[in-house]
Amino acid sequence: MPNASAWSASSPLLLLWEDSSGTRVLLSLLYAVLAISGTLSNAMVIYLVFSFKKLQTTSNAFIVNGCAADLGVCALWMPQEAVLGLLPPNSSSLRSPEYRLLRGGLLGLGLTASLASHLLVALNRYVLITKLPSVYRALYRRRRAGCMIAGCWALALLLAPLLPGLQPPRRRGEGGPGYPALLLALAVLGQTALLLHCYLGIARRVRGSAKRVSVLNFHLLHQLPFPAAPPRRAQRRLSSVSALLLCAAFLLGTQPLVWVSLLGFFARPAPPALQAASWLLLCALSALNPLLYTWRSEEFRRAARALLP
């Protein structure tokens, strides 16, 4: 079986050799829309956090870390895909192994750091809501938080060459994905299980004990995507729904590609349209992440209103 590096150097990541010109133009337009929206939203969140002191919290540091990773995908990788989709299939840019390897590295680095940031944010919020304030302060000191972020990027650098291997080969006659793709798919499934455990635990705690959450008199609680201590039963139900929606968005963005990869390893490669759709969903998550983590935060809304006329 070919390894991941061979795939990234021998076939395009998201562009099909056999695609018609109309399909390639449509994919280019989708990448262009995602690139523009994702670049603006991620850059806006980073700028707000660095410009307003109230937003400079440990919780938001992990959000900014994820936005930086997503900004690399939206601002550096997606525009290249949008342009390359308009070129003819026999273009020298599409057939350059070094350039395709560079594109695969950019994609792998950004998506791996982004996925790791999702888990860091979930763990941070889980400890903040379900543990004592003293435990949170001891665990999330500035130096330790910095080490967590540094470890996130170290892991991304280690796994960046392997992530493009999640995609099954797109050309006729090639075999299924190899063991690196299987290991990465299982790693994403493990990360998904941890993330669901964190957010479901938060949802249970918010719904079951609003009084327990209210005693945590932290300004960090305002950075949650839902009210930390809602006063009414209907609002507690809405808070739990918000946490579940965040989980649903993450599952929708990551799981199709994982199961397409597992299908290609154990059975046969999925149809090309399904492969392309799974990659587009994962890439769209990089553009939507800033909204997922800030749309229910009153502090972010105030900062945005202060910035925008």
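**Helical architecture and nonpolar cores of the predicted chain**

Residues 25-50 are 100% helix and 0% strand, with their end C-alpha atoms 37 Å apart. The model is predicted: local features need pLDDT of at least 70 and side-chain atom pairs count only at pLDDT 80 or more, while totals for chains, interfaces and linings use all residues. Residues are numbered from 1 along each chain as its sequence is written, and side-chain values use heavy atoms, with hydrogens and water left out.

The chain contains 12 helices and 0 strands, where helices (H or I, at least four residues) and strands (E, at least two) are DSSP runs numbered from the N terminus. An unreviewed UniProt entry lists residues 25-50 and 273-295 among its "transmembrane region" annotations; such annotations may be inferred rather than shown by experiment. Residues 273-295 are 96% helix and 0% strand, and their end C-alpha atoms lie 32 Å apart.

Of the 309 residues, 51% are buried, that is, under 20% relative accessible area with a 1.4 Å probe, protein chains only. The largest nonpolar core (buried Ala, Val, Leu, Ile, Met, Phe, Trp, Tyr and Cys residues joined through side-chain atoms within 4.5 Å) comprises 45 residues, and Phe62 and Tyr199 have the most contacts inside it. Helix 5 (97-130) is one of the helices that each supply at least two residues of this core, and helix 5 gives the most, with 10 residues. Beyond its neighbours within four places in sequence, Tyr199 is in contact (heavy atoms within 4.5 Å) with residues including Val121, Arg125, Leu246 and Tyr293. A second, separate core of 14 residues includes Leu111, Leu257, Ala284 and Ala287.

Terms used:
Buried < 20%, exposed > 50% of the residue type's maximum accessible area, 1.4 Å probe, protein only.
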